[in-house]
Amino acid sequence: MDKFDRVGAEFIRNSLYSHMEPTPEKQGAPFPDYLPPNYPDSDLIPLPDPTQSNLGHADLRQIIEQRRSVRRYDENAALSMEELSLLLWLTQGVKKLSEKTGRSLRTVPSAGARHPFETFLAVRRVESLPIGVYQFIAHKHALLPISSGEEILGQIGAATGNQAQVLTAAVTFIWTALPYRTSFRYGARAYRYLFLDAGHVCQNLHLAAESIGCGVCAIGAYDDEAVNAALGLDGQQQFVIYMASLGKKAA
Ligand SMILES: Cc1cc2nc3c(=O)[nH]c(=O)nc-3n(C[C@H](O)[C@H](O)[C@H](O)COP(=O)(O)O)c2cc1C
């Protein structure tokens, strides 16, 4: 057994399922906030209503069978806001929300419906959106501008070791986790569920993208601290968990 496996085995041991775990929820702690931390309710950019969109109605079996990781994008083709809206809807869209508990039902499953993610977008080519980083405000289906300009996109690209598909993507999705939303209910077990949840989200992005002529490459190789720093995250209460580059497929 290698030292990496020993670290992994310890992680697995420390996150075994137990009904007895004295989680914050069992101890009567208040529900964690379902809103993204520190976001102003103003300056939001509304997205077109995805439920009214005719895009993306494709044969599921064909979509699944033809999906590949796509690393070359048409650098002359921008995404429309309607397409971006649909991709955000199909990856994190809120179908139902309880204001009291923050419990939401979305287009993806999540352990205990805790939905621990906040989505950031590194936008290079989306019609009518200036280059920069935006946060998706899921319960409003709107975008919050975070930082404009090429520089932050360069930092994010560098954090992935300058992977070409990130440097040329129309949009790179950056999913961040707020672990307390899940550990509130599941304790240390949450740290397994976060990664399982993230897989569902990225798979939905793969399939949704395929249905509108876009391609995706999942990105797991990145410098966590550098991505967190670029997004202003502390790396503990909120941290990057997964990324994916996306663009119109090159001919
Ligand atoms: C968790 C995960 C992390 C990945 N990270 C990267 C990455 O950093 N860079 C990359 O080029 N591909 C990455 N990939 C894509 C895989 O290389 C790809 O899925 C695999 O080669 C199989 O090819 P296919 O997706 O076309 O079937 C990742 C895939 C997964 C599921």
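Here are five short exercises with worked solutions on the model above.

This is a predicted model, in which local features need pLDDT of at least 70, side-chain atom pairs count only at pLDDT 80 or more, and totals for chains, interfaces and linings use all residues. Residues are numbered from 1 along each chain as its sequence is written.

**Exercise 1. Which elements of the chain have the lowest and the highest mean pLDDT?**

Start with the term: pLDDT is the predictor's confidence in each residue, from 0 to 100. For the chain, the mean is 96, and 100% of the residues reach 70 or more. Next, go through the elements, where helices (H or I, at least four residues) and strands (E, at least two) are DSSP runs numbered from the N terminus. Helix H1 (residues 3-14) has the lowest mean, 94, and E7 the highest, 99.

**Exercise 2. In what order do the strands of the open sheet lie?**

Recall that strands of a sheet pair through backbone hydrogen bonds, either parallel or antiparallel. Here two strands pair if DSSP finds at least two bridges between them. Seven strands form the open sheet, in the order E1-E6-E5-E4-E7-E9-E8, with antiparallel pairing. At the edges stand E1 (45-46) and E8 (214-219), each with a single partner strand, so one side of each lacks a neighbour in the sheet. Helix H8 (residues 224-231) packs on this sheet and touches E4 (117-123), E7 and E9; contact means that the C-beta atoms of two residues, placed from the backbone, lie within 7 Å. The direction of H8 makes about 80 degrees with that of E9, using lines fitted to C-alpha atoms, for helices over the stretch in contact, and angles from 0 to 180 degrees between N-to-C directions.

**Exercise 3. How many residues of E7 are buried?**

First, the cut-offs: a residue is buried if 20 or more other C-beta atoms (placed from the backbone) lie within 10 Å of its own, exposed if 12 or fewer, and partly exposed in between. Seven of the seven residues of E7 are buried. On one side these are Val171, Phe173, Trp175 and Ala177, and on the other Thr172, Ile174 and Thr176.

Now look at the strands beside E7. Seven bridges join E4 to E7, with phenylalanine 117 partnered by alanine 177. E7 (residues 171-177) also pairs with E9 (residues 239-248) over seven bridges. There, tryptophan 175 has tyrosine 242 as its bridge partner, while alanine 177 stands opposite phenylalanine 239.

**Exercise 4. Alanine 113 and histidine 141 each have a positive phi; where are they placed?**

Most residues other than glycine have a negative phi. Alanine 113, with a phi of about 50 degrees, is in the loop between E3 (104-106) and E4. Histidine 141, with about 45 degrees, is in the loop between E5 (132-137) and E6 (142-148). Finally, count neighbours: alanine 113 is partly exposed because 15 other C-beta atoms lie within 10 Å, whereas histidine 141 is buried, with 20.

**Exercise 5. Which residues surround the ligand?**

Take residues as near if their C-beta atom, placed from the backbone, lies within 6 Å of the molecule. The list is Arg68, Ser69, Arg71, Gln163, Cys217, Ala218, Ile219, Gly220 and Ala221. Then sort them: Ala, Val, Leu, Ile, Met, Phe, Trp, Tyr, Cys and Pro count as nonpolar, Asp, Glu, Lys and Arg as charged, and the others, Gly among them, as polar. The shell divides into four nonpolar, three polar and two charged residues.
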